[in-house]
Structure formats: structure tokens, C-alpha cells
Protein chains: 2
Amino acid sequence: MTQHIIIIEDDSVTRRRLAGALRKQIYRVSEAEDADQMEEILARDPADLLLVDINLEGKDGLTITREQRAKSKAGIILLTSRDDQIDRIIGLEMGADDYVTKPFDKRELFARVKNLLARINEIGTATPKPDPVWQFGRWQLNRMRRRLEDENGAVEPLTRAEFELLHAFTRHPGVILSRERLLDLIQHRQWAPDNRTIDVLVGRLRKKIETDPTQPDWIITVHGEGYVFASPES
Amino acid sequence: MTQHIIIIEDDSVTRRRLAGALRKQIYRVSEAEDADQMEEILARDPADLLLVDINLEGKDGLTITREQRAKSKAGIILLTSRDDQIDRIIGLEMGADDYVTKPFDKRELFARVKNLLARINEIGTATPKPDPVWQFGRWQLNRMRRRLEDENGAVEPLTRAEFELLHAFTRHPGVILSRERLLDLIQHRQWAPDNRTIDVLVGRLRKKIETDPTQPDWIITVHGEGYVFASPES
DNA sequence: AGCCATTGTTACATTCTTTTACAAACTCGA
DNA sequence: TCGAGTTTGTAAAAGAATGTAACAATGGCT
């Protein structure tokens with residue numbers, strides 16, 4: 001039995017194109033212009049996944065998300081107009097599972113659709129999705145939203161590189177990571193012998209997360225080897 | 001026993017070329033056109049590493065990644081078409097260990113293959129996590145943060161060599177350790193007969209941890225043999 | 001193009017490690 | 001116990017790695 005996807009999108013051009021492409025991937029795809037049409041379809045054929053445009057006439061995507069989240073187990077991917085932080089953050093807070101930004105790359109969308117459907121099917125058999133938040137000291141790193149918050153929820157802005165570096169560290173707590181490995185982890189780049197990028201980045205990150213950057217509690221230097229991120233439980 | 005790599009790639013030219021090059025690196029390499037062939041090979045000869053093209057007829061690379069990740073411990077490197085963030089993010093979210101972009105530089109690919117195989121092998125041999133803290137006298141050695149704290153929590157910073165040396169001592173309390181052995185424990189270095197590094201290091205460590213460095217309580221000299229670390233309970 | 005934020009590079013200061021040199025302590029036989 | 005030979009202690013210099021400020025390059029956005 002193929003899986004059922006409903007696209008809720010009021011721009012018919014986009015909707016048709018998307019539906020056609022997804023059908024080629026061997027999904028069963030229904031199209032809805034708005035929330036009412038979606039409900040009709042749902043009534044006779046429950047969906048595994050909803051692709052919801054965030055900007056709709058009438059009931060908007062966020063409202064649909066909240067409602068469906070409460071009463072159904074379908075996965076929800078939001079289609080957002082721009083890479084607009086607000087939409088994506090609010091969308092995920094409302095309970096969407098993922099989002100893509102328009103104009104979207106087909107392969108990206110397919111990959112996310114497939115990934116989410118797989119995750120949904122695994123529920124019950126496989127391990128539940130790991131907590132997307134990593135806690136250490138007074139900080140929490142929210143991987144989904146790619147940002148750092150303190151215990152009060154205040155946001156400490158991180159640049160992309162800083163986030164990637166911290167993310168790499170949190171994935172390998174207690175392991176000494178060489179500069180070479182770190183450069184590879186954060187940007188898939190080859191090592192040049194006199195490259196000091198990582199040192200500078202570590203310095204910048206320390207200024208943001210350490211109480212005293214000269215006596216770091218989290219990112220520890222290992223002379224001649226690299227850096228270690230201290231595990232939170234110690 | 002050489003390590004077994006399976007290449008899953010439908011373009012036979014690329015696949016052959018890659019397989020040939022890897023065999024020269026003394027790996028055992030199998031070739032598969034698709035997921036089914038891969039399964040056949042796996043059934044009679046488990047792999048250490050899978051090199052998977054992300055765009056395959058039938059079951060694609062990401063799907064293979066997720067399936068294999070769930071049931072095997074093989075490393076997975078994705079071969080992606082373009083260098084775009086999307087593939088990388090998604091590939092790694094799905095559980096791949098690494099990726100390379102086509103057209104790929106052979107040396108880069110080899111480096112990644114070698115790295116990943118090395119990392120996989122380390123997992124089995126890695127030393128079990130020691131107790132996070134070693135107590136002796138008024139001191140606690142915080143292994144995670146590589147520093148020394150007294151009973152009030154005040155930090156006595158240790159340099160890398162000092163930490164490694166103290167760490168080596170605490171792992172062998174009451175045992176006489178020769179200079180040669182100590183040098184080997186704290187770094188990967190050869191012994192030269194007139195090497196005084198350890199003596200200097202012991203001196204510096206004593207200044208930090210001993211009440212009276214000329215009458216050491218912890219790091220005791222054994223003339224003509226080396227040093228002993230006194231057991232905490234004696 | 002011009003603006004702004006981010007990222008990478010360079011240069012220099014600082015810190016850490018090893019070597020060197022010599023003083024002090026130890027061992028052992030007479 | 002003395003003294004020669006050896007081993008250890010340690011300050012200081014030399015060498016290597018890291019921290020970091022300031023500048024340059026890059027990239028996204030309008």
C-alpha cells in the first residue's frame with residue numbers, strides 16, 4: 001500500500017507541479033486548495049503526510065498544523081514562502097515536523113518527505129527521535145532551530161560557523177578532536193598545514209559561551225592535539 | 001584481514017574506476033549496481049564500509065543509508081552529485097557518516113575512506129570511560145576538563161603534559177614507573193637516553209600539587225629507577 | 001553597486017614543551 | 001666517612017603551539 005500525501009496549497013501551478021513530481025516517486029497524492037477540501041479528502045482517505053503552504057486563504061497553514069496535530073498522526077511539512085525565521089520557528093512550535101522554503105529544490109523536498117515518512121513508520125519499532133536539544137551548563141543548543149538559549153530562554157546568537165562548531169563538539173563530548181577533524185566536520189574542507197581558522201572560531205565561541213574565556217569550562221585546549229568538549233554530566 | 005568495501009553505483013564506468021583505485025590501496029572491494037546486488041554481497045560477506053551513490057535507480061542512496069544504519073555497523077559514505085548543503089545535511093541526518101561530491105578527487109576520497117575505517121575500528125578498542133574524577137589528598141583530578149581542583153573547588157590549571165603525567169600516575173598508583181614508560185604514557189614519542197623531559201615535568205607538577213616540593217608526598221623519586229605515585233589510601 | 005554581517009588570514013603576544021647546563025643529591029667501594 | 005661517578009633537581013633558553021586583535025575577503029541582500 002503506497003503512502004498517502006495531501007498537498008494543501010492555493011497556487012494551482014505550484015500544487016500541480018508538486019503533485020506530479022511526487023506521484024512519480026510512487027506516492028498517492030491528493031490536492032487541496034484549502035482546509036475545507038483537505039478535510040473532505042481526509043474524511044474518506046486518511047493521510048500519512050500533509051504538505052501545507054503556510055500562506056493560505058481562509059484557515060492558514062499554522063492553524064491547520066495545530067488542528068491536525070491534535071487529532072491525527074500524520075506528519076506535517078510546511079511550505080514557507082521565504083527563508084523567514086519567524087515562519088519556521090512558529091511552524092515548528094505549532095507542531096510541524098519539518099519545513100521547506102520556496103522556491104524549493106525538488107530533491108530536498110523528496111528527501112524530507114521520504115525521511116519523515118520513514119520516521120513515522122518507524123515509530124513503535126525503532127528508537128524514538130532523539131531530543132533535538134543539547135543541554136550543557138546553563139545553555140541549551142537547539143539543533144532544529146540552530147540557536148543557543150540560556151536557562152531563561154534568552155537567545156545567544158551564533159553565526160553559522162559557530163553553530164556548526166558547537167554542534168560538532170556536542171556530537172563528540174569527551175573526545176579530543178583535531179583541528180583537521182573539526183574543519184572537516186564543520187565545512188567539509190581539507191586541511192592546510194598553517195590553517196588557524198579553527199583556533200579563531202574556538203576563541204569566538206568561547207567568548208559567547210564561557211564565563212571566563214581564559215579559563216574555559218567547556219571547550220578545553222589539548223596542546224598539540226586539538227580541543228575537547230567536556231561532557232555536561234561531569 | 002583486509003577490510004571490505006562495497007561500492008553501490010549504477011554508472012559502471014565510475015564504479016569500475018573507483019573499485020580499481022581502491023583495490024590498489026589494498027582494500028577488498030565489491031561492486032553492486034543497486035540495493036539488491038548489495039544485499040547479495042552483504043549476505044555472504046559483511047562490509048566494513050559502504051560507498052553509496054545517492055542517485056540510484058530503484059532504492060536510492062538515502063533509503064539504503066537508513067536501512068543499513070538500522071541493521072549494520074558498516075560505515076557509510078555517500079557519493080553526491082553536487083556540492084550543495086542539502087545533500088550533506090540530509091545525508092547526515094539520515095545517518096551517513098560522511099559524503100563526497102562528484103566529480104571527486106581521489107585523494108580526498110581515499111582520505112575519507114581511511115579516516116572512517118580508522119574511526120570505526122577505534123570504537124571497539126577505545127578505552128572504557130574512566131571514572132570522571134580521581135581523588136587524592138585534598139585534590140581531585142577532573143579528567144573531563146583536564147584540570148585539578150582542590151576541596152573547595154578552586155581550579156589549579158594543568159598544562160597538557162602535566163595533566164597527562166598526573167593522569168598516568170593516577171592510573172598506576174604504587175607502581176614504579178621508569179622515565180621511558182612515563183614518556184610513552186604521556187605522548188607517542190621515542191626514548192632518547194639523555195632525555196630529561198620527565199624530570200622537568202615532575203618538578204613542575206610537584207610545585208603545583210605538593211605542599212613542599214622538596215619533600216614530596218605524592219610523586220616519590222626512586223633513585224635509578226623512576227618515580228612512584230603514592231596510593232591515596234596509604 | 002554598496003551595505004552589512006560573517007568568515008578567513010595575518011601578525012604578534014602569550015603560553016607550553018623540550019633542551020641545556022649546572023648544582024645538588026645519591027650510591028658505593030675503599 | 002670520603003670522594004668519584006652517577007643520577008636527579010631545576011632555572012633558564014630555545015623552540016613550538018595557541019590566543020587573539022586587526023585587517024581582508026567573501027557572500028547575501030537590496
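Four helices, α6 (160-171) and α8 (197-209) of chain A with α6 and α8 (197-209) of chain B, each supply at least two residues of the surface near DNA strand C. Helices (H or I, at least four residues) and strands (E, at least two) are DSSP runs, numbered from the N terminus. This is a predicted model: local features need pLDDT of at least 70, side-chain atom pairs count only at pLDDT 80 or more, and totals for chains, interfaces and linings use all residues. Residues are numbered from 1 along each chain as its sequence is written, chains are lettered from A and ligands numbered from 1 in the order in which they are written, and side-chain values use heavy atoms, with hydrogens and water left out.

**DNA strand C**

- Around DNA strand C there are 21 residues, and A:Thr159, A:Arg204, B:Thr159, B:Gln187 and B:Arg204 come nearest. A residue is near a strand if one of its heavy atoms lies within 4 Å of it.
- Of the atoms of DNA strand C that come within 4 Å of the protein, 59% belong to sugar and phosphate.
- The surface near DNA strand C has four nonpolar, 10 polar and seven charged residues. Ala, Val, Leu, Ile, Met, Phe, Trp, Tyr, Cys and Pro count as nonpolar, Asp, Glu, Lys and Arg as charged, and the others, Gly among them, as polar.
- A side-chain N or O atom of A:Thr197 is 3.3 Å from a phosphate oxygen of DNA strand C. For B:Thr197, a polar side-chain atom lies 3.1 Å from a phosphate oxygen of this strand.
- B:Arg204 reaches a base: an N or O atom in its side chain is 3.4 Å from a base oxygen of DNA strand C.

**DNA strand D**

- DNA strand D is surrounded by 24 residues, the closest being A:Arg179, A:Thr221, A:Tyr227, B:Thr221 and B:Tyr227.
- Sugar and phosphate make up 57% of the atoms of DNA strand D that come within 4 Å of the protein.
- Three residues of chain B sit by phosphate oxygens of DNA strand D: B:Arg179 with a side-chain N or O atom at 3.3 Å, B:Gly224 with a polar backbone atom at 2.7 Å, and B:Tyr227 with a side-chain N or O atom at 2.6 Å.
- Two or more residues of this surface come from each of α8 and β11 (219-222) of chain A and α8 and β11 (219-222) of chain B. The largest share, five residues, is from α8(A).
- By class, the surface near DNA strand D has six nonpolar, six polar and 12 charged residues.

**Helix packing in chain B**

- The axes of α6 (residues 160-171) and α7 (residues 179-186) of chain B come within 9 Å and cross at roughly 115°. Axes are lines fitted to C-alpha atoms, for helices over the stretch in contact, with angles from 0 to 180 degrees between N-to-C directions.
- On the α6(B) side, B:Arg160, B:Glu164, B:Leu165, B:Ala168 and B:Phe169 make the contact (heavy atoms within 4.5 Å). On the α7(B) side, B:Leu182, B:Leu185 and B:Ile186 do so.
- The residues of this contact divide into six nonpolar, no polar and two charged.

**Positive phi in chain B**

- Most residues other than glycine have a negative phi.
- B:Ile26 has a positive phi near 65°. B:Ile26 lies in the loop between α1 (12-24) and β2 (28-32). B:Ile26 is exposed, with a relative accessible area of 62%.
- B:Arg146 has a positive phi of about 55°. The place of B:Arg146 is the loop between β7 (139-142) and β8 (147-150). B:Arg146 counts as buried, at 11% relative accessibility.
- Buried means under 20% relative accessible area, exposed over 50%, partly exposed in between (1.4 Å probe, protein chains only).

How values were computed:
A polar contact is a pair of N or O atoms within 3.5 Å; within protein, one must be able to donate a hydrogen and the other to accept it, and residues adjacent in sequence count only if both atoms are side-chain atoms.
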